[in-house]
Amino acid sequence: YIETAVSYVIPTLPTHEMVQELGVNEDQLFILLEQLHYDKEGNPVIYSLDYFQPDVIRFKINRTR
């Protein structure tokens with residue numbers, strides 16, 4: 001059971017593999033969503049790196065106190 005996640009939204013250039021596999025330009029900007037998910041005890045359980053093309057996706061971030 002995932003209790004919380006810490007996410008970083010990072011502008012980045014594509015990896016060499018992305019350029020080869022997707023045929024994108026080396027200077028095309030991507031959004032990297034780096035995430036670490038934790039269970040109820042605070043143990044890390046999932047680490048992920050997800051790349052998004054900013055021209056086909058947008059993020060909505062709600063920040064509460």
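Leaving aside its neighbours within four places in sequence, which residues is Pro 14 in contact with? The legends below work towards that and beyond, starting with Pro 14 itself; keep in mind that this is a predicted model.

**View 1. Pro 14 sits in the loop between strand S1 and helix H1.** Helix H1 covers residues 16-22. To pick up the opening question: with neighbours within four places in sequence left aside, Pro 14 is in contact with Val 19, Val 24, Asn 25, Glu 26, Gln 28 and Phe 30. Is Pro 14 buried or exposed? Its relative accessible area is 12%, so Pro 14 counts as buried. For a sense of distance, look across to Leu 32: the C-alpha atoms of Pro 14 and Leu 32 are separated by 9.3 Å, and the two residues are 18 residues apart along the chain.

**View 2. Stepping back, the whole protein chain has one helix and three strands.** Start at the N terminus and you meet the elements in the order β-α-β-β. Why is the chain called more spread out than a compact globule? Its radius of gyration is 15 Å, well over the 11 Å that the globule rule gives for 65 residues, so the chain is more spread out than such a globule. Draw a box along the principal axes, and the C-alpha atoms fill roughly 40 × 25 × 15 Å. Of the 65 residues, 20% are buried. About 5,600 Å² of the protein chain is exposed, and carbon and sulfur atoms supply 50% of that area. Now take the contacts with a separation of 6 or more: 39% of them come from residues 24 or more positions apart.

**View 3. The three strands make an open sheet in the order S1-S2-S3.** The pairing in this sheet is antiparallel. At the edges are strand S1 (4-12) and strand S3 (44-52), and each of these pairs on one side only. Neighbouring strands are turned by 15° against each other on average, direction ignored. A handy thing to remember when looking at any of them: in a regular strand, side chains alternate between the two faces of the sheet.

**View 4. Here is the seam between S1 and S2.** How many bridges join S1 to strand S2? There are nine, and the two strands run antiparallel. Strand S2 takes in residues 30-38. Two of the pairings are easy to find: Thr 4 stands opposite Tyr 38 in S2, and Ile 10 has Leu 32 of S2 as its bridge partner. Strand S2 is mostly covered, with seven of its nine residues buried.

**View 5. On to the seam between S2 and S3, where eight bridges join the strands.** These strands run antiparallel too. Tyr 38, which we met opposite Thr 4, also stands opposite Pro 44 in S3. Elsewhere along the seam, Ile 31 stands opposite Phe 52 in S3. S2 and S3 form a hairpin, with five residues between them. Look in the turn for Gly 42, which has a positive phi of about 85°.

**View 6. His 37 is in strand S2.** How much of it is accessible? The relative accessible area of His 37 is 15%, so this residue is buried. Not counting residues up to four places away in sequence, His 37 touches Ile 2, Thr 4, Ala 5, Asn 43, Pro 44, Val 45, Ile 46 and Ser 48. Two of these names should ring a bell: Thr 4 and Pro 44 each stand opposite Tyr 38.

**View 7. The last stop is the one aromatic pair that the structure holds.** A pair of aromatic rings is described by the distance of the centres and the angle of the planes. The rings here belong to Phe 52 and Phe 59, with centres 5.2 Å apart and planes at 85°, so the pair is edge-to-face. Phe 52 is partly exposed, at 22% relative accessibility. Phe 59 is partly exposed as well, with a relative accessible area of 35%. You have already seen Phe 52 opposite Ile 31.

Notes
Residues are numbered from 1 along each chain as its sequence is written. This is a predicted model: local features need pLDDT of at least 70, side-chain atom pairs count only at pLDDT 80 or more; totals for chains, interfaces and linings use all residues. Side-chain values use heavy atoms; hydrogens and water are left out. Two strands pair if DSSP finds at least two bridges between them. Helices (H or I, at least four residues) and strands (E, at least two) are DSSP runs, numbered from the N terminus. Axes are lines fitted to C-alpha atoms, for helices over the stretch in contact, and angles run from 0 to 180 degrees between N-to-C directions. The radius of gyration is taken over C-alpha atoms; the globule rule is 2.2 Å times the number of residues to the power 0.38. Buried means under 20% relative accessible area, exposed over 50%, partly exposed in between (1.4 Å probe, protein chains only). Contact means heavy atoms within 4.5 Å. Accessible areas come from the Shrake-Rupley method with a 1.4 Å probe; for residues, only the protein chains shown count as cover. Rings of Phe, Tyr and Trp (its six-membered ring) pair if their centres lie within 6.5 Å; planes under 30 degrees apart count as stacked, over 60 as edge-to-face and the rest as tilted.
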